[in-house]
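Please walk through this model with the sequence at hand. The text below goes from a helix to a group of strands, and then to charged pairs and confidence.

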Amino acid sequence: MGDGEEPRSAGAPRPKRRPDRLVRLLMPEEPPPGPFRRSFWRSPVRGPWLTSVLGLVLLGGITILFVTGLLSYASYNPDLGGINDYTPGKGWLGFYLFSWPTDPDWVYRVNQGVHVTLGLALVPILLAKLWSVLPKLFEWPPLRSPAHALERISLFLLVGGAVFEFATGILNIQQWYIFPGSFYTLHFYGGWVFIAAFVTHTCLKVPTVVRTLRGGALLRELRVDTAHTVPESTDAGSLVPTAPAAATISRRGVLGFAGAGALLLVALSVGQSIGGPLRRTALLAPHGQDTGSGPEDFQINVTAAEGGIKPEDTGDSWRLTLTSTGSGTGAPLTLTRTQLLAMPQVTASLAINCVEGWSTGNQTWTGVRLRDLARLSGAENAATVVVQSLQQHGGHAILSAGQIMNPDSLLAFRVNGAELSADHGYPARVILPGSNGTHNIKWVTKMTFGS
(Lines give C-alpha, C1' and ligand atoms only; values in the text may rest on other atoms or scores of the structure.)
Protein backbone atom coordinates (compact mmCIF):
# COMPACT_ATOMS: atom_id res chain seq x y z
CA MET A 1 0.00 0.00 0.00
CA GLY A 2 1.48 3.32 -1.01
CA ASP A 3 1.89 6.25 1.34
CA GLY A 4 -1.25 8.20 1.86
CA GLU A 5 -3.55 5.62 0.23
CA GLU A 6 -6.64 4.78 2.23
CA PRO A 7 -7.11 1.08 3.01
CA ARG A 8 -9.90 -0.68 1.13
CA SER A 9 -11.93 -3.22 3.07
CA ALA A 10 -12.34 -6.72 1.69
CA GLY A 11 -15.26 -7.04 -0.65
CA ALA A 12 -15.54 -3.30 -1.17
CA PRO A 13 -16.22 -2.38 -4.82
CA ARG A 14 -13.22 -1.22 -6.80
CA PRO A 15 -13.53 2.46 -7.67
CA LYS A 16 -14.63 3.10 -11.26
CA ARG A 17 -12.03 4.39 -13.70
CA ARG A 18 -12.61 8.05 -14.42
CA PRO A 19 -13.59 8.86 -18.03
CA ASP A 20 -10.61 11.19 -18.48
CA ARG A 21 -8.25 8.28 -17.63
CA LEU A 22 -9.88 6.20 -20.37
CA VAL A 23 -9.47 9.09 -22.80
CA ARG A 24 -5.77 9.34 -21.87
CA LEU A 25 -5.35 5.62 -22.48
CA LEU A 26 -6.98 5.82 -25.93
CA MET A 27 -5.38 9.14 -26.87
CA PRO A 28 -2.24 9.80 -24.82
CA GLU A 29 -1.34 13.41 -24.09
CA GLU A 30 1.93 13.01 -25.97
CA PRO A 31 1.07 13.24 -29.71
CA PRO A 32 2.55 10.75 -32.16
CA PRO A 33 5.49 11.98 -34.22
CA GLY A 34 5.00 13.87 -37.47
CA PRO A 35 2.26 16.40 -38.30
CA PHE A 36 0.43 15.77 -35.02
CA ARG A 37 3.19 17.64 -33.21
CA ARG A 38 3.10 21.40 -33.34
CA SER A 39 6.84 21.58 -33.91
CA PHE A 40 6.32 19.84 -37.27
CA TRP A 41 4.79 23.00 -38.74
CA ARG A 42 7.56 25.57 -39.15
CA SER A 43 6.37 28.24 -41.59
CA PRO A 44 6.63 31.61 -39.77
CA VAL A 45 3.87 33.20 -41.86
CA ARG A 46 1.14 30.93 -40.51
CA GLY A 47 -1.01 32.48 -37.86
CA PRO A 48 -4.25 34.36 -37.21
CA TRP A 49 -3.25 37.37 -39.37
CA LEU A 50 -2.87 35.48 -42.66
CA THR A 51 -5.87 33.27 -41.98
CA SER A 52 -8.03 36.29 -41.10
CA VAL A 53 -7.15 38.22 -44.27
CA LEU A 54 -7.78 35.22 -46.51
CA GLY A 55 -11.01 34.58 -44.63
CA LEU A 56 -12.21 38.13 -45.29
CA VAL A 57 -11.59 37.73 -49.02
CA LEU A 58 -13.51 34.45 -49.02
CA LEU A 59 -16.30 35.98 -46.95
CA GLY A 60 -17.03 38.54 -49.66
CA GLY A 61 -16.40 36.21 -52.60
CA ILE A 62 -18.41 33.25 -51.33
CA THR A 63 -21.33 35.50 -50.40
CA ILE A 64 -21.47 36.74 -54.01
CA LEU A 65 -21.09 33.17 -55.28
CA PHE A 66 -23.98 31.97 -53.14
CA VAL A 67 -26.31 34.79 -54.18
CA THR A 68 -25.54 34.44 -57.90
CA GLY A 69 -25.93 30.66 -57.55
CA LEU A 70 -29.40 31.08 -56.07
CA LEU A 71 -30.31 33.51 -58.84
CA SER A 72 -29.04 31.06 -61.45
CA TYR A 73 -31.22 28.34 -59.99
CA ALA A 74 -34.20 30.71 -59.90
CA SER A 75 -33.71 31.39 -63.61
CA TYR A 76 -34.87 27.85 -64.31
CA ASN A 77 -38.27 28.81 -62.89
CA PRO A 78 -38.44 25.57 -60.89
CA ASP A 79 -41.83 26.46 -59.39
CA LEU A 80 -43.43 26.16 -62.81
CA GLY A 81 -43.24 22.38 -62.87
CA GLY A 82 -41.25 19.20 -62.78
CA ILE A 83 -39.82 19.52 -66.28
CA ASN A 84 -37.57 22.38 -65.23
CA ASP A 85 -37.07 21.43 -61.61
CA TYR A 86 -34.15 19.02 -61.27
CA THR A 87 -34.30 19.26 -57.47
CA PRO A 88 -37.47 17.55 -56.22
CA GLY A 89 -38.39 17.85 -52.59
CA LYS A 90 -36.55 21.14 -52.09
CA GLY A 91 -39.34 22.22 -49.70
CA TRP A 92 -38.69 25.43 -47.82
CA LEU A 93 -35.22 25.69 -49.37
CA GLY A 94 -36.98 27.11 -52.42
CA PHE A 95 -38.37 30.09 -50.49
CA TYR A 96 -36.52 32.65 -52.65
CA LEU A 97 -37.75 31.49 -56.05
CA PHE A 98 -39.42 33.99 -58.36
CA SER A 99 -40.28 34.48 -62.01
CA TRP A 100 -37.02 35.33 -63.74
CA PRO A 101 -36.98 38.66 -65.67
CA THR A 102 -36.28 38.80 -69.40
CA ASP A 103 -35.27 42.47 -69.44
CA PRO A 104 -32.49 43.54 -69.77
CA ASP A 105 -31.55 40.75 -72.17
CA TRP A 106 -28.05 40.45 -70.66
CA VAL A 107 -29.24 39.82 -67.07
CA TYR A 108 -28.50 36.07 -67.03
CA ARG A 109 -25.27 36.52 -68.98
CA VAL A 110 -23.91 38.88 -66.30
CA ASN A 111 -25.16 36.79 -63.38
CA GLN A 112 -23.71 33.52 -64.67
CA GLY A 113 -20.52 35.16 -65.91
CA VAL A 114 -19.88 36.54 -62.42
CA HIS A 115 -20.75 33.22 -60.80
CA VAL A 116 -18.43 31.12 -62.96
CA THR A 117 -15.54 33.59 -63.27
CA LEU A 118 -15.53 34.46 -59.57
CA GLY A 119 -15.75 30.78 -58.65
CA LEU A 120 -12.62 30.04 -60.66
CA ALA A 121 -10.83 33.11 -59.28
CA LEU A 122 -11.45 32.05 -55.69
CA VAL A 123 -9.74 28.67 -56.15
CA PRO A 124 -6.21 30.01 -55.35
CA ILE A 125 -7.61 31.96 -52.39
CA LEU A 126 -9.34 28.86 -51.06
CA LEU A 127 -6.19 26.75 -51.47
CA ALA A 128 -4.13 29.41 -49.64
CA LYS A 129 -6.70 29.47 -46.82
CA LEU A 130 -6.65 25.68 -46.51
CA TRP A 131 -2.83 25.75 -46.44
CA SER A 132 -2.87 28.37 -43.70
CA VAL A 133 -5.04 26.23 -41.41
CA LEU A 134 -3.56 22.84 -42.31
CA PRO A 135 -2.17 22.24 -38.79
CA LYS A 136 -5.76 22.32 -37.51
CA LEU A 137 -6.44 19.03 -39.26
CA PHE A 138 -3.77 17.37 -37.09
CA GLU A 139 -4.70 18.76 -33.68
CA TRP A 140 -3.94 16.44 -30.77
CA PRO A 141 -5.91 15.06 -29.14
CA PRO A 142 -8.36 15.10 -32.03
CA LEU A 143 -11.35 15.12 -29.67
CA ARG A 144 -11.03 16.87 -26.33
CA SER A 145 -14.67 17.30 -25.37
CA PRO A 146 -18.18 17.15 -26.82
CA ALA A 147 -17.94 20.86 -27.69
CA HIS A 148 -14.64 20.28 -29.45
CA ALA A 149 -16.19 17.36 -31.34
CA LEU A 150 -18.98 19.63 -32.60
CA GLU A 151 -16.42 22.17 -33.72
CA ARG A 152 -14.51 19.48 -35.63
CA ILE A 153 -17.72 18.30 -37.31
CA SER A 154 -18.54 21.88 -38.38
CA LEU A 155 -15.02 22.25 -39.82
CA PHE A 156 -15.43 18.98 -41.71
CA LEU A 157 -18.68 20.24 -43.23
CA LEU A 158 -17.06 23.58 -44.04
CA VAL A 159 -13.95 22.19 -45.73
CA GLY A 160 -15.74 19.24 -47.29
CA GLY A 161 -18.57 21.45 -48.52
CA ALA A 162 -16.14 23.96 -50.05
CA VAL A 163 -14.19 21.25 -51.88
CA PHE A 164 -17.41 19.58 -53.05
CA GLU A 165 -19.02 22.79 -54.36
CA PHE A 166 -15.92 24.05 -56.14
CA ALA A 167 -15.10 20.63 -57.60
CA THR A 168 -18.60 19.92 -58.92
CA GLY A 169 -18.88 23.46 -60.27
CA ILE A 170 -15.57 23.21 -62.15
CA LEU A 171 -16.50 19.79 -63.55
CA ASN A 172 -19.83 21.14 -64.72
CA ILE A 173 -18.44 24.20 -66.50
CA GLN A 174 -16.07 21.87 -68.34
CA GLN A 175 -19.09 19.70 -69.23
CA TRP A 176 -17.48 16.68 -67.61
CA TYR A 177 -20.61 14.98 -66.31
CA ILE A 178 -19.27 12.28 -64.02
CA PHE A 179 -21.70 12.98 -61.17
CA PRO A 180 -23.57 10.11 -59.49
CA GLY A 181 -26.79 12.06 -60.05
CA SER A 182 -28.13 15.36 -61.32
CA PHE A 183 -25.62 18.20 -61.03
CA TYR A 184 -28.45 20.59 -60.12
CA THR A 185 -29.60 18.49 -57.19
CA LEU A 186 -26.10 17.81 -55.87
CA HIS A 187 -24.93 21.41 -56.23
CA PHE A 188 -28.18 22.79 -54.76
CA TYR A 189 -28.18 20.74 -51.56
CA GLY A 190 -24.39 20.83 -51.27
CA GLY A 191 -24.55 24.62 -51.45
CA TRP A 192 -27.00 24.85 -48.57
CA VAL A 193 -24.94 22.49 -46.39
CA PHE A 194 -21.78 24.46 -47.16
CA ILE A 195 -23.32 27.88 -46.57
CA ALA A 196 -24.78 26.76 -43.22
CA ALA A 197 -21.33 25.64 -42.06
CA PHE A 198 -19.78 28.79 -43.55
CA VAL A 199 -22.14 31.12 -41.68
CA THR A 200 -21.60 29.23 -38.42
CA HIS A 201 -17.82 29.33 -38.81
CA THR A 202 -17.90 33.03 -39.71
CA CYS A 203 -19.90 33.91 -36.60
CA LEU A 204 -17.46 31.97 -34.42
CA LYS A 205 -14.37 33.58 -35.96
CA VAL A 206 -15.49 37.23 -36.19
CA PRO A 207 -14.03 38.11 -32.74
CA THR A 208 -10.66 36.61 -33.74
CA VAL A 209 -10.58 38.52 -37.03
CA VAL A 210 -11.49 41.82 -35.36
CA ARG A 211 -8.92 41.31 -32.62
CA THR A 212 -6.21 40.35 -35.11
CA LEU A 213 -6.69 43.13 -37.66
CA ARG A 214 -7.78 46.07 -35.51
CA GLY A 215 -5.62 49.11 -35.00
CA GLY A 216 -4.09 49.16 -38.47
CA ALA A 217 -2.53 45.70 -38.20
CA LEU A 218 -3.53 44.92 -41.78
CA LEU A 219 -1.65 47.84 -43.36
CA ARG A 220 1.36 47.44 -41.10
CA GLU A 221 1.89 43.82 -42.04
CA LEU A 222 1.52 44.57 -45.75
CA ARG A 223 4.64 46.74 -45.51
CA VAL A 224 6.79 43.93 -44.06
CA ASP A 225 9.15 42.18 -46.50
CA THR A 226 10.52 38.63 -46.30
CA ALA A 227 13.71 39.65 -44.46
CA HIS A 228 11.70 41.18 -41.62
CA THR A 229 8.97 38.55 -41.43
CA VAL A 230 8.75 36.98 -37.98
CA PRO A 231 6.19 34.62 -36.44
CA GLU A 232 3.27 35.97 -34.46
CA SER A 233 3.23 35.39 -30.73
CA THR A 234 2.63 31.76 -29.77
CA ASP A 235 -0.14 33.09 -27.52
CA ALA A 236 -2.04 34.09 -30.67
CA GLY A 237 -3.16 30.52 -31.32
CA SER A 238 -2.18 27.02 -32.31
CA LEU A 239 -1.44 28.00 -35.92
CA VAL A 240 1.70 29.85 -34.86
CA PRO A 241 4.76 27.52 -35.01
CA THR A 242 6.69 26.79 -31.82
CA ALA A 243 9.91 26.06 -33.74
CA PRO A 244 9.73 28.41 -36.75
CA ALA A 245 12.10 28.19 -39.68
CA ALA A 246 13.55 31.21 -41.43
CA ALA A 247 11.03 33.00 -43.60
CA THR A 248 11.25 32.28 -47.34
CA ILE A 249 8.21 34.41 -48.19
CA SER A 250 6.42 37.24 -46.46
CA ARG A 251 2.74 37.30 -45.59
CA ARG A 252 2.13 39.90 -48.26
CA GLY A 253 4.00 37.57 -50.64
CA VAL A 254 1.53 34.76 -49.89
CA LEU A 255 -1.37 37.13 -50.54
CA GLY A 256 0.27 38.39 -53.73
CA PHE A 257 0.90 34.86 -54.97
CA ALA A 258 -2.73 33.83 -54.35
CA GLY A 259 -4.00 37.09 -55.82
CA ALA A 260 -1.89 36.68 -58.96
CA GLY A 261 -3.27 33.18 -59.41
CA ALA A 262 -6.80 34.52 -59.07
CA LEU A 263 -6.18 37.25 -61.67
CA LEU A 264 -4.66 34.71 -64.06
CA LEU A 265 -7.76 32.52 -63.83
CA VAL A 266 -9.96 35.55 -64.47
CA ALA A 267 -7.91 36.44 -67.56
CA LEU A 268 -8.21 32.88 -68.88
CA SER A 269 -11.97 32.59 -68.38
CA VAL A 270 -13.79 35.94 -68.44
CA GLY A 271 -13.62 36.23 -72.23
CA GLN A 272 -16.15 33.41 -72.67
CA SER A 273 -18.80 35.65 -71.07
CA ILE A 274 -17.72 39.06 -72.37
CA GLY A 275 -17.04 37.97 -75.94
CA GLY A 276 -15.36 40.05 -78.62
CA PRO A 277 -11.54 39.89 -78.86
CA LEU A 278 -11.38 38.53 -75.28
CA ARG A 279 -13.09 35.32 -76.40
CA ARG A 280 -9.76 34.12 -77.78
CA THR A 281 -8.18 34.45 -74.30
CA ALA A 282 -10.77 32.20 -72.62
CA LEU A 283 -8.55 29.12 -72.48
CA LEU A 284 -10.54 27.76 -69.54
CA ALA A 285 -13.82 27.83 -71.45
CA PRO A 286 -15.35 24.38 -72.06
CA HIS A 287 -13.20 22.46 -74.51
CA GLY A 288 -14.38 20.27 -77.36
CA GLN A 289 -17.40 22.43 -78.20
CA ASP A 290 -18.75 22.10 -81.70
CA THR A 291 -19.36 25.25 -83.72
CA GLY A 292 -21.15 25.90 -86.93
CA SER A 293 -19.72 27.55 -90.00
CA GLY A 294 -20.31 30.75 -91.94
CA PRO A 295 -23.20 32.77 -90.43
CA GLU A 296 -23.72 30.04 -87.83
CA ASP A 297 -20.18 29.96 -86.48
CA PHE A 298 -20.99 29.91 -82.76
CA GLN A 299 -21.17 27.35 -79.98
CA ILE A 300 -23.34 24.26 -80.21
CA ASN A 301 -24.07 22.62 -76.87
CA VAL A 302 -25.86 19.53 -78.23
CA THR A 303 -25.52 18.48 -81.87
CA ALA A 304 -28.33 16.88 -83.86
CA ALA A 305 -26.54 13.53 -83.67
CA GLU A 306 -26.17 13.80 -79.89
CA GLY A 307 -29.85 14.69 -79.58
CA GLY A 308 -30.91 11.67 -81.62
CA ILE A 309 -32.45 13.85 -84.34
CA LYS A 310 -33.16 11.95 -87.55
CA PRO A 311 -33.35 13.72 -90.93
CA GLU A 312 -36.80 12.28 -91.62
CA ASP A 313 -38.09 13.88 -88.39
CA THR A 314 -37.17 17.38 -89.57
CA GLY A 315 -38.07 17.06 -93.25
CA ASP A 316 -41.30 17.92 -95.08
CA SER A 317 -43.31 15.82 -92.65
CA TRP A 318 -42.35 18.02 -89.66
CA ARG A 319 -45.22 19.85 -88.00
CA LEU A 320 -45.57 22.22 -85.06
CA THR A 321 -48.49 21.39 -82.82
CA LEU A 322 -50.02 24.24 -80.80
CA THR A 323 -52.43 23.48 -77.99
CA SER A 324 -53.65 25.10 -74.79
CA THR A 325 -55.12 24.00 -71.51
CA GLY A 326 -58.07 25.34 -69.57
CA SER A 327 -61.77 25.82 -70.22
CA GLY A 328 -62.97 26.78 -73.65
CA THR A 329 -59.87 25.62 -75.51
CA GLY A 330 -60.24 24.21 -78.98
CA ALA A 331 -58.62 21.35 -80.81
CA PRO A 332 -54.83 21.35 -81.29
CA LEU A 333 -53.58 23.42 -84.22
CA THR A 334 -51.00 21.86 -86.54
CA LEU A 335 -48.78 24.11 -88.68
CA THR A 336 -46.25 23.36 -91.38
CA ARG A 337 -43.00 25.28 -91.63
CA THR A 338 -44.30 27.04 -94.73
CA GLN A 339 -47.34 28.27 -92.82
CA LEU A 340 -45.14 29.50 -89.97
CA LEU A 341 -42.87 31.36 -92.39
CA ALA A 342 -45.95 33.08 -93.86
CA MET A 343 -46.72 34.63 -90.46
CA PRO A 344 -45.28 38.05 -89.51
CA GLN A 345 -41.54 37.55 -89.01
CA VAL A 346 -39.62 39.43 -86.30
CA THR A 347 -35.87 39.92 -85.90
CA ALA A 348 -34.07 40.13 -82.54
CA SER A 349 -30.40 40.34 -81.57
CA LEU A 350 -29.90 37.87 -78.72
CA ALA A 351 -27.19 35.69 -77.20
CA ILE A 352 -27.35 32.11 -75.92
CA ASN A 353 -26.04 32.18 -72.36
CA CYS A 354 -25.26 28.86 -70.72
CA VAL A 355 -24.95 27.77 -67.11
CA GLU A 356 -21.31 26.85 -67.79
CA GLY A 357 -20.60 30.59 -68.07
CA TRP A 358 -20.12 30.92 -71.84
CA SER A 359 -22.09 33.10 -74.18
CA THR A 360 -22.40 32.99 -77.96
CA GLY A 361 -22.49 36.76 -78.16
CA ASN A 362 -25.46 38.40 -79.86
CA GLN A 363 -26.71 36.68 -83.01
CA THR A 364 -29.50 37.97 -85.26
CA TRP A 365 -32.51 35.66 -85.06
CA THR A 366 -35.65 35.75 -87.22
CA GLY A 367 -38.91 34.02 -86.44
CA VAL A 368 -42.42 34.24 -84.99
CA ARG A 369 -43.13 35.79 -81.61
CA LEU A 370 -44.13 33.31 -78.91
CA ARG A 371 -47.00 35.55 -77.86
CA ASP A 372 -48.43 35.33 -81.40
CA LEU A 373 -48.29 31.54 -81.19
CA ALA A 374 -50.00 31.70 -77.78
CA ARG A 375 -52.80 33.73 -79.33
CA LEU A 376 -53.15 31.17 -82.15
CA SER A 377 -53.43 28.36 -79.59
CA GLY A 378 -56.32 30.13 -77.89
CA ALA A 379 -54.36 31.27 -74.80
CA GLU A 380 -54.57 35.04 -75.15
CA ASN A 381 -52.92 35.66 -71.78
CA ALA A 382 -50.71 32.61 -71.51
CA ALA A 383 -49.11 32.08 -68.10
CA THR A 384 -46.88 29.18 -69.09
CA VAL A 385 -45.90 27.11 -72.08
CA VAL A 386 -44.51 23.60 -72.16
CA VAL A 387 -42.07 23.35 -75.06
CA GLN A 388 -41.38 19.85 -76.35
CA SER A 389 -38.50 18.88 -78.61
CA LEU A 390 -37.66 16.05 -80.94
CA GLN A 391 -34.56 15.53 -78.79
CA GLN A 392 -34.74 12.06 -77.30
CA HIS A 393 -33.32 12.88 -73.86
CA GLY A 394 -34.06 16.24 -72.27
CA GLY A 395 -34.71 19.26 -74.43
CA HIS A 396 -38.06 20.10 -72.81
CA ALA A 397 -38.85 23.13 -70.66
CA ILE A 398 -41.64 25.18 -69.12
CA LEU A 399 -41.43 28.91 -69.84
CA SER A 400 -43.01 31.68 -67.80
CA ALA A 401 -45.47 34.40 -68.79
CA GLY A 402 -42.66 36.96 -68.92
CA GLN A 403 -40.72 34.81 -71.35
CA ILE A 404 -43.76 34.26 -73.55
CA MET A 405 -44.90 37.88 -73.70
CA ASN A 406 -41.52 39.53 -74.28
CA PRO A 407 -41.58 40.90 -77.87
CA ASP A 408 -38.09 39.46 -78.51
CA SER A 409 -39.04 35.91 -77.50
CA LEU A 410 -39.16 33.97 -80.74
CA LEU A 411 -39.66 30.62 -82.34
CA ALA A 412 -36.74 31.18 -84.72
CA PHE A 413 -36.23 29.75 -88.21
CA ARG A 414 -33.20 31.75 -89.31
CA VAL A 415 -30.04 33.10 -87.69
CA ASN A 416 -27.72 35.75 -89.11
CA GLY A 417 -29.64 35.62 -92.37
CA ALA A 418 -29.25 31.86 -92.89
CA GLU A 419 -31.61 28.94 -92.38
CA LEU A 420 -31.01 27.17 -89.10
CA SER A 421 -28.65 24.23 -89.50
CA ALA A 422 -29.59 20.86 -88.06
CA ASP A 423 -27.16 21.37 -85.18
CA HIS A 424 -28.59 24.80 -84.38
CA GLY A 425 -32.15 23.50 -84.19
CA TYR A 426 -33.67 23.21 -87.69
CA PRO A 427 -36.57 23.37 -88.40
CA ALA A 428 -37.40 25.66 -85.46
CA ARG A 429 -35.98 26.61 -82.08
CA VAL A 430 -36.87 28.89 -79.19
CA ILE A 431 -34.68 31.92 -78.50
CA LEU A 432 -35.31 34.05 -75.40
CA PRO A 433 -33.86 37.26 -73.97
CA GLY A 434 -32.25 37.22 -70.54
CA SER A 435 -32.67 33.48 -70.01
CA ASN A 436 -30.34 30.54 -69.52
CA GLY A 437 -29.46 28.44 -72.53
CA THR A 438 -31.46 25.37 -71.50
CA HIS A 439 -34.68 27.28 -72.22
CA ASN A 440 -33.68 27.93 -75.83
CA ILE A 441 -35.14 24.60 -76.93
CA LYS A 442 -34.06 23.25 -80.32
CA TRP A 443 -35.99 21.01 -82.75
CA VAL A 444 -39.33 22.20 -81.33
CA THR A 445 -42.30 20.02 -82.23
CA LYS A 446 -45.06 20.94 -79.74
CA MET A 447 -46.03 23.91 -77.56
CA THR A 448 -48.74 23.66 -74.91
CA PHE A 449 -49.82 27.02 -73.52
CA GLY A 450 -51.46 27.33 -70.11
CA SER A 451 -53.81 30.22 -69.39
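**A helix and its buried side**

This is a predicted model. Helix 7 runs over residues 251-267, and at 1.5 Å a residue its 17 residues should span 24 Å. The end C-alpha atoms of helix 7 are 24 Å apart, which agrees with that expectation.

Which residues of helix 7 are buried? They are R251, V254, L255, A258 and A262. These residues cover an arc of only 95° around the axis, so they sit on the same side of helix 7. The general background is that an α-helix has 3.6 residues a turn, so residues three or four places apart point the same way. The face of helix 7 turned away from the buried side carries F257 and L263, which are exposed.

What do the buried residues of helix 7 pack against? Their partners are helix 2 (48-74), helix 3 (107-132) and helix 6 (217-222).

**Strands around strand 9**

Strand 9 covers residues 410-415, and five of its six residues are buried. Strand 9 is thus described as mostly covered. Pairing with other strands can be followed one partner at a time.

With strand 6 (residues 363-369), strand 9 pairs in the antiparallel sense over five bridges. Within this pairing, G367 stands opposite A412 in strand 9. Strand 11 (residues 429-431) also runs antiparallel to strand 9, and three bridges join the two. Here L411 stands opposite V430 in strand 11.

Strand 10 (residues 418-419) is joined to strand 9 by two bridges, again in an antiparallel arrangement. The bridge partner of V415 in strand 10 is A418. Strand 9 and strand 10 form a hairpin with two residues between the strands, and in this hairpin N416 takes a positive phi near 55°.

Strand 6 also leads on to strand 5 (residues 346-350): five bridges join strand 5 to strand 6, and the two run antiparallel. One opposed pair is T347 and T366, the latter in strand 6. Which residues of strand 5 form the covered face, and which the uncovered one? V346, A348 and L350 make up the covered face, while T347 and S349 make up the uncovered one. T347, the residue opposite T366, therefore belongs to the uncovered face of strand 5.

**Helix 10 and its salt bridge**

Helix 10 spans residues 370-377, and its buried residues are L370, D372, L373, A374 and S377. Helix 10 is followed by G378, whose phi is positive, near 100°.

D372 forms a salt bridge with R375, and the closest N and O atoms are 2.9 Å apart. Both residues lie in helix 10, three residues apart, about one turn of the helix. As general background, side chains of opposite charge can pair when their charged atoms come close. Are the two partners buried or exposed? D372 has a relative accessible area of 18% and is buried, whereas R375, at 41% relative accessibility, counts as partly exposed. The value for D372 falls under the 20% cut-off for a buried residue.

**Other charged pairs**

How many salt bridges does a search of the whole structure find? The search finds eight. One of them joins R37 and E30, with the closest N and O atoms 3.7 Å apart. R37 is partly exposed, with a relative accessible area of 32%. E30 is exposed, with a relative accessible area of 52%.

Another salt bridge links E419 and R414, whose closest N and O atoms are 3.6 Å apart. At 36% relative accessibility E419 counts as partly exposed, and R414 counts as partly exposed at 31%. Elsewhere, salt bridges that share partners join K136, E139 and R152 into one network.

**Confidence along the chain**

The chain averages a pLDDT of 88, and 92% of the residues score at least 70. Among the elements of the chain, strand 9 has the highest mean pLDDT, 98, and helix 1 (residues 19-26) has the lowest, 52. Over residues 1-8 the pLDDT is below 50. Beyond near neighbours in sequence, the stretch of residues 1-8 has three contacts in the model.

Note on methods:
Residues are numbered from 1 along each chain as its sequence is written. This is a predicted model: local features need pLDDT of at least 70, side-chain atom pairs count only at pLDDT 80 or more; totals for chains, interfaces and linings use all residues. Side-chain values use heavy atoms; hydrogens and water are left out. Helices (H or I, at least four residues) and strands (E, at least two) are DSSP runs, numbered from the N terminus. The expected span of a helix is 1.5 Å times one less than its number of residues. Buried means under 20% relative accessible area, exposed over 50%, partly exposed in between (1.4 Å probe, protein chains only). The arc is that of the directions from the helix axis to the C-beta atoms. Contact means heavy atoms within 4.5 Å. Two strands pair if DSSP finds at least two bridges between them. pLDDT is the predictor's confidence in each residue, from 0 to 100. A salt bridge is a side-chain nitrogen of Lys or Arg within 4 Å of a carboxyl oxygen of Asp or Glu.
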